[in-house]
Amino acid sequence: MVGILNMDTFALGAIGFLVWAISPYLFAVFMTQRSTQHVAILIVTGVSFILAIGGVFLLIDAMYIHQDAQSALVFVVIPMYQWIILLITALPVYFMNKK
């Protein structure tokens, strides 16, 4: 919603960045649904919660609190960091679910 509210004009490129921005959250939901072990569900839920709170905080901070010329770059950088954390988390969760 933050991205849509801050668009000056509607552009498909901007929609692509917004899809990129929500993609880690969609993958976190996918990981949660695919987890079968109780410990794996707890880990994925905890990591997802931390990523969601941190991501939303950083987006709001960059777009409204500490605005500068590069504030829009958060729509590229934050999801990249979230993907890295999710992929690092996905490997042990995958092996936990194999048991």
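Biologist: How should I read the link between the side chain of Q82 and L51, and which atom of L51 lies 3.1 Å from a polar atom of that side chain?

Modeller: A polar contact is a pair of N or O atoms within 3.5 Å, where within protein one atom must be able to donate a hydrogen and the other to accept it, and where residues adjacent in sequence count only if both atoms are side-chain atoms. Here the partner is the backbone oxygen of L51, 3.1 Å from a polar atom of the Q82 side chain. This is a predicted model, in which local features need pLDDT of at least 70 and side-chain atom pairs count only at pLDDT 80 or more, while totals for chains, interfaces and linings use all residues. Residues are numbered from 1 along each chain as its sequence is written, and side-chain values use heavy atoms, with hydrogens and water left out.

Biologist: Is Q82 buried or exposed, and which residues is Q82 in contact with beyond its neighbours within four places in sequence?

Modeller: Buried means under 20% relative accessible area, exposed over 50%, and partly exposed in between (1.4 Å probe, protein chains only). Q82, which sits in helix α4, is buried, because its relative accessible area is 4%. With contact taken as heavy atoms within 4.5 Å, Q82 meets A21, P24, Y25, L51 and G55, its neighbours within four places in sequence being left aside.

Biologist: Which residues make up the largest nonpolar core?

Modeller: In soluble globular proteins, nonpolar side chains tend to be buried together. A nonpolar core is a set of buried Ala, Val, Leu, Ile, Met, Phe, Trp, Tyr and Cys residues joined through side-chain atoms within 4.5 Å. The largest one has 11 residues, namely F27, A28, M31, A40, V44, V47, L51, W83, L86, A90 and V93, and α2, α3 (38-65) and α4 each give two or more residues to this core. One of its members, V47, touches I85, L86 and T89, not counting residues up to four places away in sequence. A second, separate core holds eight residues, among them L18, A21, L59 and A62.

Biologist: M96 is also in helix α4; what does M96 touch, not counting residues up to four places away in sequence?

Modeller: M96 touches Q37, V39, A40 and I43, with residues up to four places away in sequence not counted. Its C-alpha is 8.6 Å from that of T36, although M96 and T36 are 60 residues apart in sequence. M96 is classed as partly exposed because its relative accessible area is 24%, and M80, likewise placed in α4, is partly exposed because its value is 37%.

Technical notes
Helix = DSSP H or I, 4+ residues; strand = E, 2+ residues; numbered from the N terminus.
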